[in-house]
Amino acid sequence: MKILHICSEMYPLIKTGGLADVMGALPYAQQEMGNDVRVLLPYYPQVREKLGETVEVATLGTFAGVVTLRFAQFNGLGVYVIDAPHLFDRRLPYYDDNYQDYMDNYKRFALLGYLGAQIAEGLDHWWGRVEVLHAHDWQGGLACAYLKSWHSPVKSVFTIHNIAYTGRFQAYHLPELGLPWEFFHPNGLEFYGEMSYLKAGLYFADRITTVSPTYAQEITEEIAGAGMHGLLQIRQAEGRLKGILNGVDEAVWNPETDGNIIAPYRANYMHGKAKNKAELQRQFGLPEDKDALLFVMVTRLTEQKGADFLLANIDQMMQYNVQLVVLGSGAPELEQALRDSAARYPHKIGVKIGYDEALSHQIIAGGDVILVPSRFEPCGLTQLYGLKYGTLPLVRQTGGLADTVNDSHKESIENRTATGFVFRYPDPQDFLEAVMRSINLWKKNKLWSSVRQNALAQDFGWGKVAQQYQSLYQEIV
Ligand code: ADP
């Protein structure tokens, strides 16, 4: 099957979050199954640096100016890029250094959707028309609208990686983008008087997926649906909404082969993990105490991720023999609060503000517990990496976290299904209660090892995920 993915991030070319990890793995898994798969993304400076040699496919005059479509083979996968320096030659993909969204985002990502739909329709004569256009998140959403407006036979799938980002823009831009006014309608891409690129994807795609079964249910409810729950209820009733859990890219996240950690390890050689813990403690200037329970967190610092639950409990937690290492960036007030905590407990807390791919691996390998206390979480990847690395996830029971981590209690420990710690309500007290349960289990060496072995035995391979997408495509093609 001929499949084109349209997205704004793809690891390792450009990454700000989990979407990139998915796009760096899913197309490869689909290719391995015998599909003909390509990806389209903007030619950001980071992409330009890593992609290598490209060939020109076409130069086109568009509503966003003259742009060049290029093509390259990247690690064996065909990648199209939109070469338009006036739109994409910027250090950060979505906003400037002051976290202000770029004013022309409406045009930048309309172009992504437009060219995606064009390629799907056969713009690149060498490749021809595709069977499935698969668009991701609001940045790719308009591709589904363009296909519909051209009455294209190409089928489309839209995947929600995070519904909180709805991609809203002023409606008066619509004619400029070459889409018909009829689309500015509640049965279309209209959303509270504006247009929403996410809604365009939801409304016009033949199938909607999201990245976990629990999140697929949650977004049909008002509390988590970001205003789209009505439409999603309809799509659910029509059987056109499905949750497919993300996988883990074993080529990138595997403690046996990970080049970013100082000592490799595996389930029957956990000595390596202890070395990584000591290294992490050393790097952050913490005492190299193997008995201290080392909590870690690697995250964007936004309200979603619940770092405030941790901050509210720092003083209580630090009364025990625990340590904490956090890597994250985002909201300035959360960054500052974390720095302040590290200053108050220099021998117990290490904080690095910033984005650091290599360090994120060392942290996940060196920690004992990885904290993912999200208010909502479509899938979540760091808890999966935690399981793979024997770093027990402590998560809130929401979205993909609920689908992937089993709480440790007497029964689940006995029947070997326990893999981490789960708390229910989004409040600091419930979080603390789970932290206390982890501290208590840590004291019981044997039980801890047994839960850790359960975690290490979990399988999140992309092969079976790709199989699920395949079945979905087959339903519509
Ligand atoms: P989201 O996409 O909402 O940020 P996910 O858990 O799905 O959350 O994916 C986050 C990805 O980004 C993971 O690969 C995680 O390791 C990575 N990540 C997040 N923050 C940082 C950081 N500060 N430095 C390095 N990697 C990070």
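This section describes the surroundings of the ligand, the second largest pocket and helix H6 in a predicted model.

The ligand is surrounded by 18 residues, and among these Lys-15, Gly-18, Asp-21, Arg-300 and Lys-305 come nearest. Two of the nearest residues can be described further through their side chains. A polar atom in the side chain of Lys-15 lies 2.8 Å from an oxygen atom of the ligand, while an N or O atom in the side chain of Asp-21 is placed 2.6 Å from a ligand oxygen atom. The backbone also takes part in the surroundings of the ligand, since a polar backbone atom of Gly-354 is found 2.8 Å from a nitrogen atom of the ligand. Taken alone, the ligand exposes 560 Å², and the protein buries 93% of that area.

With regard to secondary structure, the elements that contribute two or more residues to the shell around the ligand are helix H1 (18–23), strand S13 (293–301), strand S14 (322–330) and helix H15 (382–388). The largest share of this shell is supplied by S13, which gives three residues. When the residues of the shell around the ligand are sorted by class, five are nonpolar, eight are polar and five are charged.

Attention may next be given to the second largest pocket, which holds about 410 Å³ of space. This pocket is lined by 14 residues, of which Lys-277, Lys-290, Trp-442, Asn-445 and Arg-452 are the closest to its centre. Helix H10 (271–283) and helix H19 (445–456) each provide at least two residues of the lining of the second largest pocket, and H19, with four residues, gives the most. By class, the lining of the second largest pocket comprises four nonpolar, four polar and six charged residues.

Helix H6, which spans residues 137–149, is mostly covered, with 12 of its 13 residues buried. The buried residues of H6 include Asp-137 and Trp-138 in addition to Gln-139, Gly-140 and Gly-141, and further along the helix Leu-142, Ala-143, Cys-144, Ala-145, Tyr-146, Leu-147 and Ser-149 are likewise buried. Just after H6, the backbone at His-151 takes a positive phi of about 50 degrees.

Note on methods
Residues numbered from 1 in each chain as written. Predicted model: local features only at pLDDT ≥ 70, side-chain atom pairs only at ≥ 80, totals over all residues. Heavy atoms only, no water. Near = heavy atom within 4 Å. Polar contact = N/O pair within 3.5 Å; in protein donor to acceptor, adjacent residues only side chain to side chain. Areas by Shrake-Rupley, 256 points an atom, 1.4 Å probe, with all protein chains shown as cover. Nonpolar A, V, L, I, M, F, W, Y, C, P; charged D, E, K, R; others polar. 1 Å grid on protein atoms, 1.4 Å probe; cavity = no way out; pocket = protein on both sides within 12 Å on 5 of 7 lines; lining within 4 Å. Points joined across faces, edges and corners; volume = space filled by probe spheres on them. Buried < 20%, exposed > 50% of the residue type's maximum accessible area, 1.4 Å probe, protein only.
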